[in-house]
Amino acid sequence: MTNQSKALQMGKKSIAEIVEILTLEEKAALVVGTGMYIAGIKSVIGEAEGRVPGAAGNTMNINRVDIPRTILADGPAGVRIDPYPYNDNTKSFYATAWPVATLLASSWDINLVKAVGTAFSNEIKEYGIDIILAPGMNIQRDPLNGRNFEYYSEDPVVTGYMAAAMVKGIQANGVGTSIKHFAVNNQETNRGSVNAIVSERTLREIYLRGFEIAVKDAQPWTVMSSYNKINGSYTSESHELLTTILRKEWGFKGYVMSDWFAGKDRIAQMKAGNDLIQPGSREDIDAVIEAVNKGTLSIKVLDQNVERILSIIRKTPSFKGYKYSNSPDLKSHAALARRAAAESMVLLKNKNNTLPLTKGAKLALFGNASYETIICGTGSGQVNVAYTISISQGLTKAGYSNMALETLYATYIRQHKFDHPNRQSVSLGTLWIKPELNLDLETIEKSAQELDIAIFTIGRNAGECVDRKIDDDFNLSESEKILIKNIADAFHAQGKKLVVIMNIGGVIETAAWKDYADAILLAWQPGLEAGNAVADVLSGVVNASGKLAVTFPMKYHDVPSSKNFPGTPADDPTKVIYEEGIYIGYRYFNKFNVKPTYPFGFGLSYSEFAYGNLELSSTTFHNRIIATITITNTGKFAGKEVVQLYLSAPQNKLTKPLEELKAFAKTDLLKSGASQTLTFTLHAKDLASFYTDQSAWIADAGIYTVKIAASCEDIKATKNFTLAYELTVEKMNKVLVPQVNINELE
Ligand code: BGC
C-alpha cells in the first residue's frame, strides 16, 4: 500500500470500519500505552523516548492502517519535556512555567485563564504533543496535600470554571487535554492504594462537581482517572464512576486513561470504561489478549475502548500530519505569564499603605526564596525552563536597589549546594526545604539603619508522592519565626516597615507572625517570570486584584479534614474517611463559626470599590434568576475587583452550608471613578442540594438569599427570591455508595 492510500484509511473510513479490520493484537496495543523507561520495567517499544523526549506517554501507532502514535505530556503548570533531547545540547526545548493553578485561580478571571490556555496550546502543539496531561482539578481538601499547587481551589465552582476555561483555551488550537485526577485524589500519602470513604452527597456536591462543570462546559478530549479507591473500588476500575456518572450522566465523549501504573486489574479497567492503560507494558497487552481469548473480556467492550481512543486520535495534530516547529513563541508567553501572575497575586495586608513601594527605595531583601524563588512545585507538575527571574532580579530590574544582603545569601546558598549535593534537585519524593540563613541581630540592625524597607520571602515547595508536614512546613520553623520577629523589631525601631512575600505552593500558618508584617503579598508559585511579576505588584505597576480561592486557617487543626488526614492507620493509611462531609473550606468555617486568618474570597487592592444596588430579574424563581450589580472604583488607583455571588438556600429538610459560591466575575480595569455593571445568572441546579435518599438534585421550596460579596465574610448586598414549589432538578443513579457508615459532620 502506498503512503497516500494508507493515509486514506483512517481518514476515510468510519471508526467502526477501522475497528473491524484491526487484529486483536492491534486492538490490545491501542488500549495500552507504549511504555516508560524505569529500571526493571520493560517498555513496549524497548526504549524510553518516543518522538518527543521527556513526554510522559504515547498511544501505540498501527502503521498498517495509518494510525499514528500520539504523544501525551505533562503537565498543569506548563509543558514538561526534556530540555535537551537525546543529550543534544545544540537545540533547547524549554517551556514556559505558567503561574501554578492555585495562583491562576486567585485571579478569578476566566478570560485570563483562557488566554493562558491559548498560549499554552501553542507550546503543546509546536513541541509535537497531542494531549497535555492537565489541568489538575482535585479539590484542595487539606492544606498538607503535596500536590495542592496543581489544583485550583477548595471550592468546586471555582475549580470547575477555571478548569473549563483552561481546557477551552487549549483545545481551541486543536490539541487535547486530560482533566485529572478523577476523582477524590486529595492526598499523596499511599495515593496508590488508599480507600477514600466519602458520602454520596459529598461526592456529588464537592468532589465530583468541579469535574462535572468542566466536562459539560468544555468537553475535554480525555479524563485521567486517579490512583486511589473511592468507597472500595479503584477509580480506574469503577464502572459507576467512569461510565454511569462520567459518560451516561454527564455526556463525556472522549477517552479515559489511567494515571501512571494506577489500579490493579487491567480487565476491570477496560470494562469500567478506563480505555487506555498508562504507561503500559507488554504484560498489559498480553493480559488484554488473554482475557478476550478466555472470554473474560468481551470483544465488544474492547472495541468500544478502541473506538473512543481512535475518535480522539483522529482529532490530533499527529493524525493530521501537523508539521510542528519546535519553536513556540516563548517570548510572548513569558510576557503573558508575567501578567497572569501579577494579576493573580493576593494582597493580604497593607497597613497604612506600606505598598506600593516608594520609587527607587533601598530594600533589605531577606529570605532564601528572595534569591532562589520557587516558580512551581515538583514531580510531574514541574517545568523545564530556560531561566527564572528571582524576586531579587525582578526588583533590581524595576529600579530598586537590593544588593546589600545579596552576597551573604549567595554565599550561603552556594555553600549549601556544596554541602548537600544530592538535595538540590527536587524530584519525585525527595523534597527538601533549605533552612533559612541565620542572620545575626547586628546584620539585621545595620540594614535597618541603612536601608529603607525590609522584604522577607517565605519559600515552600512540595509535589508528587509526599504530603507536607505540620512542623517546619505548614508552620514556620523556629528560625523563620525568629528571623521575622527580629527583622520587624529592627525595622520598626527605625520607623521602617516589613513586607512579607509568601512564595508557597500550599496554605501555611499565618496567624503567629502576620502582626509583625506591615504588608503581606501572597505570590504562590508564580512561574518563570516570578520576580518580574512580584515587582510589578510591589511597585504598583499592576494593582493587586487576586483573591483567595482557599481559606487560610488560624492553625492546622482548625481545618476540618485534619481529623482524618491522611487516614488510618496513621503510620500507613489504608483508608481515609471524609467525616467532614461537605463542610470543607469556607463551608465549614462559616457554618461552625471558626475564624480563619484570611477567609475564602479575600484580597485587597491599592484601590477601593463601592458596590451599588443589587437587582434581581424576579422575586420568584422560574427557569433562572439574573442578578446585576454596579461596581465603582472609588479609590485613586486604576484596578479590577473580583465579585462573588453566594446563595443561601432554605434549610427545612437538609442541613446546608450557610451560603455557597455559585458565580463570580471580575471587572475590567476600572479607572478611578469608573463603574461597571456585572451580571450573574443562577440556574435551577445552583439552587439544589443532593438528596441521598432520592439520588437527586432537589431545590427546596422557600426563600433564597443572593449575597453579593467581596469575600465570603464581606457581604456587600443581599436580596431574596422565592421558589414556590420543591423542584427535582435532576435525578441521578444510585452509585458509589459507601460500604460503611460515615459519621458525617452536620
Ligand atoms: C501523575 C500524573 C502524571 C503522570 C505522568 C503521575 O505520577 O500522578 O499527574 O500526569 O504521572 O507523568
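# Notebook: a chain, its ligand and two sheets

I started at a loop: Pro-566 sits in the one between helix 21 (530-539) and strand 15 (575-577). For my own record, helices (H or I, at least four residues) and strands (E, at least two) are DSSP runs, numbered from the N terminus. The peptide bond leading from Phe-565 into Pro-566 is cis, and its omega is near 0 degrees.

Ground rules next. Residues are numbered from 1 along each chain as its sequence is written, and this is a predicted model, where local features need pLDDT of at least 70 and side-chain atom pairs count only at pLDDT 80 or more, while totals for chains, interfaces and linings use all residues. Side-chain values use heavy atoms, with hydrogens and water left out.

**Whole chain**

I looked up the secondary structure of the chain and got 23 helices and 26 strands. Its radius of gyration is 26 Å, close to the 27 Å that the globule rule gives for 746 residues, so the chain is as compact as a globular protein of that length. (That radius is taken over C-alpha atoms, and the rule is 2.2 Å times the number of residues to the power 0.38.) Along the principal axes, the C-alpha trace spans about 80 × 70 × 50 Å.

**Ligand**

Which residues are closest to the ligand? I noted Asp-74, Arg-147, His-181, Asp-259 and Glu-464, out of 14 that surround the ligand. A residue is near a molecule if one of its heavy atoms lies within 4 Å of it. By class, I found five nonpolar, two polar and seven charged residues in this shell. Here Ala, Val, Leu, Ile, Met, Phe, Trp, Tyr, Cys and Pro count as nonpolar, Asp, Glu, Lys and Arg as charged, and the others, Gly among them, as polar.

Then I checked polar contacts, meaning pairs of N or O atoms within 3.5 Å. Arg-147 puts a polar side-chain atom 2.7 Å from a ligand oxygen. For His-181, a side-chain N or O atom is also 2.7 Å from an oxygen atom of the ligand. With Arg-191, that kind of distance comes to 3.4 Å. The ligand taken alone exposes 310 Å², and the protein buries 94% of that (Shrake-Rupley areas, 1.4 Å probe).

**Around strand 4**

His-181 turned up again, this time in strand 4 (residues 176-182). The peptide bond from Lys-180 to His-181 is cis, with omega near -5 degrees. In the loop between strand 4 and strand 5 (195-197) I found Asn-190. Asn-190 has a phi near 50 degrees, a positive value in a residue other than glycine.

**Two sheets**

Strand 4 belongs to an open sheet of six strands, ordered 1-2-3-4-6-9, with mixed pairing. Strand 1 (57-59) and strand 9 (255-257) are at the edges with a single partner strand each, so one side of each has no neighbour in the sheet. Two strands pair if DSSP finds at least two bridges between them. Strand 1 and strand 2 (residues 70-73) pair in the antiparallel sense over three bridges, and Gly-57 has Leu-72 in strand 2 as its bridge partner.

The other sheet I looked up is open too, with four strands in the order 20-19-24-25 and antiparallel pairing. What stands at its edges? Strand 20 (660-666) and strand 25 (714-723) do, each with a single partner strand, so one side of each is left without a neighbour. Strand 19 (residues 642-648) pairs with strand 20 over six bridges, in the antiparallel sense. One bridge partner I wrote down is Glu-660 in strand 20, for Leu-647.

Key: A polar contact is a pair of N or O atoms within 3.5 Å; within protein, one must be able to donate a hydrogen and the other to accept it, and residues adjacent in sequence count only if both atoms are side-chain atoms.
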